[in-house]
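Colleague: Could you walk me through this structure, one question at a time? I am new to it and would like to see how each answer is reached.

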Amino acid sequence: MTANIRTSNSRIARFRKLSVAGIATAGAAAAALTLAPSPAHAAEPASASAPAATVQAADAPAPKKAKKTYPDNLDGWIKQSLDIMKDKGIPGTYEGLHRNIMRESGGDPNAQNDWDVNAQNGTPSKGLLQVIKPTFDAYHVAGTANDSTDPVANITAAANYAADKYGSIDNVDSAY
């Protein structure tokens, strides 16, 4: 019994040594492949008389990100608003915005309610999410147009209002 335990222990010890050696060899090979470029990717040797433009290029600031463009339609307006909302920390999802827009205006950025109490008081609800002017002014998000019928400004201001009052536009399921 003791002999069997010793044999078993020595097998385990040899297995561990082989495993560690194998891992170390694999790691060294991976490091060599990562650190040493192939001849096809090797850089040309640097010369002492490198052009000044090359040195300046290394010190140049990183290129600016290309400005993101959005289609001029409901999908694009929602996506642009979501990007602005993300930057400003305003919660909301595409689904929540789309659902409320379809209920409030049917997707028409020029929709205007001329019959409710707000309209009777001289401040009709306007735009995709039917925002009245005082609410738009109070919840307008910097960086968007200062026009309550501008689709992106309307969506973003309404989402900002809904976040303040309901936690998120996603929590709104009726007129708000």
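Modeller: Let us begin with one pair: the side chains of D164 and K165 meet in a salt bridge, 3.8 Å from N to O. A salt bridge here is a side-chain nitrogen of Lys or Arg within 4 Å of a carboxyl oxygen of Asp or Glu. Please keep in mind that this is a predicted model, where local features need pLDDT of at least 70, side-chain atom pairs count only at pLDDT 80 or more, and totals for chains, interfaces and linings use all residues. Residues are numbered from 1 along each chain as its sequence is written, and side-chain values use heavy atoms, with hydrogens and water left out.

Colleague: Is D164 buried or exposed, or something in between?

Modeller: Buried means under 20% relative accessible area, exposed means over 50%, and partly exposed lies in between (1.4 Å probe, protein chains only). D164 has a relative accessible area of 48%, so D164 is partly exposed.
The value for its partner K165 is 47%, so K165 too counts as partly exposed.

Colleague: How many salt bridges does a search of the whole structure find?

Modeller: Another example is K68 with D83, at 3.1 Å from N to O. This pair links distant parts of the chain, 15 residues apart, with K68 in the loop between helix 2 (52-59) and helix 3 (74-88) and D83 in helix 3; helices (H or I, at least four residues) and strands (E, at least two) are DSSP runs, numbered from the N terminus. The search of the whole structure gives a total of seven.

Colleague: Which residues are linked with R99 in a network of salt bridges?

Modeller: R99 forms a salt bridge with E95, with the closest N and O atoms 3.2 Å apart. Both lie in helix 4 (residues 94-104), four residues apart, about one turn of the helix. The network joins R99 to E95 and D173.

Colleague: What distance separates the end C-alpha atoms of helix 7?

Modeller: The expected span is 1.5 Å times one less than the number of residues. Helix 7 (residues 151-166) has 16 residues, so the expected span is 22 Å. The model agrees with this, as the end C-alpha atoms are 21 Å apart.

Colleague: How many of the residues of helix 7 are buried?

Modeller: The buried residues of helix 7 pack against helix 3, helix 4, strand 2 (125-126) and helix 6 (133-139). Among the buried ones are V152, I155 and Y161. Helix 7 is mostly covered, and of its 16 residues the buried ones number 12.

Colleague: Which element gives the largest share of the largest nonpolar core?

Modeller: A nonpolar core is a set of buried Ala, Val, Leu, Ile, Met, Phe, Trp, Tyr and Cys residues joined through side-chain atoms within 4.5 Å. The largest one has 24 residues, and I155 is among those with the most contacts inside it. Helix 3, helix 4 and helix 7 are the elements that give two or more residues to this core. The largest share, eight residues, comes from helix 7.

Colleague: Where is S168, and how far is S168 from P91, C-alpha to C-alpha?

Modeller: S168 is in the segment after helix 7, and at 7% relative accessible area S168 is buried. Contact means heavy atoms within 4.5 Å; leaving aside neighbours within four places in sequence, S168 is in contact with P91, G92, A162 and A163. S168 and P91 are 77 residues apart in sequence, and their C-alpha distance is 5.5 Å.
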